[in-house]
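Reader: I should be grateful for a close look at a single part of this structure. Please take one region and set out its surroundings in order.

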Amino acid sequence: MSLYIETRIRADLDDLWARTQEPGQHQRWDLRFTEITYLPCAEGEPQHFRYATRVLPFVTIAGTGISAGEKRRSDGTRTSALRFASPHPLSLLEEGSGYWRYVPEPDGDGIRFLTGYDYRPRWGRLGALADRAVLRPLMGWATAWSFDRLRLWLERGITPERALVHAAAEVAVRALLVAAAVVLAPMTALAAAALAVILPPLPITPAARRCLRTPPAPARAPRLLSTLATAKEPRS
């Protein structure tokens with residue numbers, strides 16, 4: 001799995017599971033999705049779903065997926081895996097797969113919440129170049145930012161909507177300070193811009209930099225992922 005993101009969340013495991021597995025809660029904190037809808041399925045079968053992402057005011061890219069979870073494991077951890085695909089012609093992401101792991105810390109001080117995923121871009125060589133230069137870095141950042149947004153929700157009670165307002169306000173303030181430096185003290189503008197980028201965000205603002213982006217040990221996809229055959233929507 002070429003993309004890896006990990007954070008530690010001090011929260012109840014059941015609460016973390018609910019806010020990541022229930023579509024209505026998941027779509028609130030995950031920047032990568034605008035809407036997630038579960039499709040009907042028989043008990044015990046993998047869960048098919050539809051997802052949509054609004055990339056522009058009037059452009060929404062949709063896709064389908066299939067997921068399964070292991071909520072009760074002998075070692076106390078939990079796992080979920082999914083496969084996903086988008087037939088939308090504007091979607092650079094054609095199909096992919098990934099997993100989430102929930103690993104309680106041995107000392108009881110939080111839960112390691114981590115993901116690994118990868119996907120295949122469309123559009124041939126042009127798509128591969130666009131993915132490497134733009135989409136893959138953006139997906140990694142969006143996942144990490146969203147994980148920290150989820151952490152703030154669980155640890156501090158800051159809703160995803162409030163967290164987004166905090167982030168937008170902080171970006172605006174930093175931009176205004178740089179603009180003021182350009183107008184009032186041009187010689188310090190470069191230093192002001194560097195500080196605006198380097199200074200850590202406020203504790204109430206989500207930040208991708210708080211997440212681990214490289215696995216501490218070689219990471220492998222769970223066996224559960226091999227049980228998911230296809231992301232195509234089941235026939236009714």
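**Helix α3 and its contacts**

Author: With a relative accessible area of 43%, W123 is partly exposed. The model in which this value was computed is a predicted one. W123 sits in the loop between β7 (111–121) and α3, and its phi is positive, about 75°, although the residue is not a glycine.

Helix α3 itself covers residues 124–156 and includes L138. L138 joins L31 and W141 in a nonpolar surface patch of about 280 Å². At 47% relative accessible area, L138 falls in the partly exposed class.

Another helix, α1 (residues 13–21), has an axis that comes within 11 Å of that of α3, and the two cross at roughly 135°. The pair is therefore oblique, and the crossing of α1 past α3 is right-handed.

Salt bridges also involve α3. D118 pairs with R136, their closest N and O atoms lying 2.8 Å apart. Because D118 belongs to strand β7 and R136 to helix α3, this bridge ties together parts 18 residues apart in sequence. D118 is partly exposed, at 26% relative accessibility.

A further salt bridge joins the side chains of R210 and D148, at 2.5 Å from N to O. This contact spans 62 residues, from D148 in helix α3 to R210 in the segment after α5 (189–198). R210 is partly exposed at 32% relative accessibility, whereas D148 is buried, with a relative accessible area of 0%. Through shared partners, salt bridges connect D148, R151, E155 and R210 in one network.

Terms used
Residues are numbered from 1 along each chain as its sequence is written. This is a predicted model: local features need pLDDT of at least 70, side-chain atom pairs count only at pLDDT 80 or more; totals for chains, interfaces and linings use all residues. Side-chain values use heavy atoms; hydrogens and water are left out. Patches are made of residues with over 30% relative accessible area and no salt bridge: like charges are joined within 9 Å, nonpolar side chains (Val, Leu, Ile, Met, Phe, Trp, Tyr) within 5 Å. Accessible areas come from the Shrake-Rupley method with a 1.4 Å probe; for residues, only the protein chains shown count as cover. A salt bridge is a side-chain nitrogen of Lys or Arg within 4 Å of a carboxyl oxygen of Asp or Glu. Helices (H or I, at least four residues) and strands (E, at least two) are DSSP runs, numbered from the N terminus. Buried means under 20% relative accessible area, exposed over 50%, partly exposed in between (1.4 Å probe, protein chains only). Axes are lines fitted to C-alpha atoms, for helices over the stretch in contact, and angles run from 0 to 180 degrees between N-to-C directions. Angles under 35 degrees count as roughly parallel, over 145 as roughly antiparallel, 65 to 115 as roughly perpendicular and the rest as oblique. A crossing is left-handed if the near helix is turned anticlockwise from the far one by less than a right angle, and right-handed if clockwise.
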